[in-house]
Amino acid sequence: MNFSELFKQSNHLCKVSPDGKYLATCVQYRLVVRDMSTLQILQLYTCLDQISHMEWSSDSQFVLCAIYKRGLVQVWSLEQPEWHCKIDEGSIGLTSSRWSPDGRHILNTTEFNLRITVWSLCTKAVSYIKYPKACQKALDFSRDGCYMALAERRDCKDYVSVFVCDDWHLLRHFETETQDLAGLEWSPNGCVLAVWESCLEYKVLLYSLDGRLLSTYSAYEWSLGIKSVAWSPSSQFLAIGSYDEKVRILNHITWKKIAQFDHPSTITKTKAVVYKEEEKRPALSEDLSLHLNSSSSLFSSQSKYEILSLPVHLPVVKPDPERANPKIGVSNLVFSSDSRYLATKNDSIPCVLWVWDLQSMTSVAVLEQTSPVRCFQWDPRQNRLALCTANAKLYLWSPGGCVAVQVPAPGGFQVQALNWHNTGHSLVLVGKDQLCLCYMDEDQDQDQD
Amino acid sequence: MPESFLNFKDSGCSSVEYRASPQRMFHQPSLHRSSVCSTFCTDGNVQECLLHITQEMASLGLSPIWVESTRPSELEVVAVLNCIHDLIQLHLKDLRALENMEVEQLKSNSSIDSLQITSTQLKEELEHYKRENNGLHERERQLQHKVKSLQHGLKNEKEEVQKLQSIISTRAGQYNHEMKRKEREFDKLKERLNQLLSDKKDRKQAIDVLNRVGRADGKRSLWKTEKTEAKREEEMYKTLLNDYDNRQRDLLQENAELKKILQQMKKDMVSILKSKKSTKTDKFERFQKEDDDDEEEDALNSTKHSVELFSDDAREQLTNGVRLQWRRLKNHMETLDSKVGELPDRDYSSVSGQTQEQEMESLKLEIQKCKDFIQTQQQLLQQQLSSPCGEEVTLLPTKMQQEKERLEGEWETLEEQRQIFDRERSNFTEAAIRLSHERKSFEENRAMWLKYHFLNLSPFPDSNKPEMQSSESPFSIFEAENNPGPAAENDFHSLCEGSRTKAVSASSEDRRQ
């Protein structure tokens, strides 16, 4: 495993282009585009103010930089560096900005969710979509980029509009049986839309592409409900994580629950391997100069995984019952790319990551870290999970074993987020205001610790 | 008078006779006033009777009827009358006493009766109260049980209430949070509205592009018409239908595989049952019928194979068939299990028992043999080990010593031989060195002689002859030394060989020794 040097970035804005050739990072008000293999700076663009959001277009030709403070969006072209585009939302303000799947339209959500403005780079035309809903996830594009689903709220009722992304033609508009819609997501095959309620009621509705209600699922009443939802990449399973610290898996044929995964604080009986990260502080030798010369800092600690025997007691962080959106329940669900594994995190046990096997519907691994898990992502090509816990280490899990790698970056670099490259050969490790690239060595086998 | 007196006496006698045993009189509750004519006093024993009566009267404390002083045969009438009067009085007194006693007895009887009645009454009451008490205990128990269950229910209800309260509090927290958020947003809106109203320059929306960009796919965009709308709908339905088609295909495939597996299972089960049938002759009749059924089914199946197995009938047939076979197999297994449980009681048991016993015995014998063997081995080993510790072993000392001595002798001879070999080796090396030196010197001489010869070579034979002669010797020597290699080497070899043979002989001699 090789690590690159550190580069500056701000706001965790660094993204690899969809074709995998370029890496774009934002440093305050500058946009830096590097070549992925050599990390040489190819282009440097300057925006008018600090960039709040940055996104690649789907064909990797353009990059949009949004400045929410000023209500501006600036678009830059890779092919033609002198080309420029500036969209000013005016006094209406800007809260979010994104590309359309064809890479030629920009959707801006104005302040107070008054409307969504669709700007076309091809025709300079403008379209407006009224009454978008202000919720967790109101807008979703289908994976093939053909359709867009938007949650709307009119007269205290929730609606879903399905648009054709080609010409923004309204295909379907239907009312949903929800009290307060919190989010919607297309299935990867683009035929089913999952719509879920806010956490006050556990309810998931499944609509077909043409607006028919296929099924409703509700696990229990009264207690706080759904916290996170994820589709499996094969569209066979829908995983729902809720505030009762359980994940329920629905199947795509009957839309009924086929499995339930618990996240208890005490594990007494399981076939899974329980890994625990053990930190070892190296003893300070007399010859301090040796340490100072080495690349790792003086106070870094080595980590390795120990396998624990049952029963295992996991550290629970009790949530504050008075506050809203309590830190309890399954907040993060990520499927592996072949839909075989599911990685989950329970907020009341934040240092622990669970990995479930969907073929046997049981857990295969439980990873206990020394600090709360911040970010975890599956390798897009293999069954390999990378996670980070805001320290200077990178952790990798695969069915063969688990490994903790020290990131040899000086100056207290903490890995706060990570992104896989779409080939699975490298990882972008994002710190507070620096980033580092990690190149995987494909020849080596992973050691089991 | 005397007759009356006699009569009186008779009656008195009778009464006296009746009074023969004085105790009897006191114990009798009723008196027989009409007493039997007694035979106490007759003409003969008058005196005795008188005496007897006097004694008795004395014992009773009454005045005697007869005093000795007076004439023995005559009685004092007065005394007698007094006696009789006393007796009568006594008697009356006794009667009265008896009456009183009878009355008292009656009274006491009645009181006893009444007491008995009261006691039975009290017993009944006691029983009654006991029963009541039991009943009350029972009620108390039931009520306590009820109280416990109610308390339990109360606890459950409290828990549920707490749970609901926590739910309510979380929901209330969420609602409050949402309310606050909305209020904040509302405030922001109001502010913005105010700002907009008061704002002088109204920044308009605008896009500033250097030049238009072509579409990603390079095509031109279409006008929005009904046709395009219809096309969109069509595309949407096409995607949906494609998805359904795919799903149906997958499901059909899965179904076909599962059906194949079921068929396979059924065939396997049938074959297992058939093979079991052939071994069990006593169950032949029972299976006969089933055999026919199976054959029928097989026939059906073969026909069905040619027809597609997608009709409901065929599916039902298959599942029913599998269920039937499975039930049969289960029954069969159950009967087998029960038979295994009964086995020891049957005929086999004796045979197997015998064989088992024989085997056991043989095994035991083997074990014993092995144990004995091990023991003897152990003993021998111990003996072996203990012998070098200094204990005198009776059998082998002299032989061992002889062996030792022989070995030591051989060792010495070998040492000697080794030393000889060393010496000879050194001799050889020295000889070789010497030989090489000699050779060198010889070569030098030869060279010199040749030089001398060559230089002194002249056409005149005389002058040379003596020199020749003199040089003959060198020449001869030269010649002799000139065929040099072979001769000298031969010599050297022979020398070596000789020494080698010498050594060999020496060693063989040593060995022979």
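Here are a few questions and answers about chain B of this predicted model.

Local features need pLDDT of at least 70, side-chain atom pairs count only at pLDDT 80 or more, and totals for chains, interfaces and linings use all residues. Residues are numbered from 1 along each chain as its sequence is written, chains are lettered from A and ligands numbered from 1 in the order in which they are written, and side-chain values use heavy atoms, leaving out hydrogens and water.

Q: How many helices and strands does chain B have?
A: Helices are DSSP runs of H or I with at least four residues, and strands are runs of E with at least two, numbered from the N terminus. From that end, the elements go α-α-α-α-β-α-α-α-α-α-α-α. That comes to 11 helices and 1 strand.

Q: What span does helix α3 of chain B reach from its first C-alpha to its last?
A: Helix α3(B) covers residues 46-60, so 15 residues. The expected span is 1.5 Å times one less than the number of residues. The expected value is 21 Å, and the helix comes close to it, reaching 21 Å.

Q: Why do the buried residues of α3(B) lie on the same side, and what arc do they cover?
A: Buried means under 20% relative accessible area, exposed over 50%, partly exposed in between (1.4 Å probe, protein chains only). The buried ones here are Cys49(B), Leu50(B), Ile53(B), Thr54(B), Glu56(B) and Met57(B). Taking directions from the helix axis to the C-beta atoms, they sit on the same side of α3(B) because they cover an arc of only 165°.

Q: Which exposed residues does the opposite face of α3(B) carry?
A: This is the face turned away from the buried side. Its exposed residues are Glu48(B), Gln55(B), Ala58(B) and Ser59(B).
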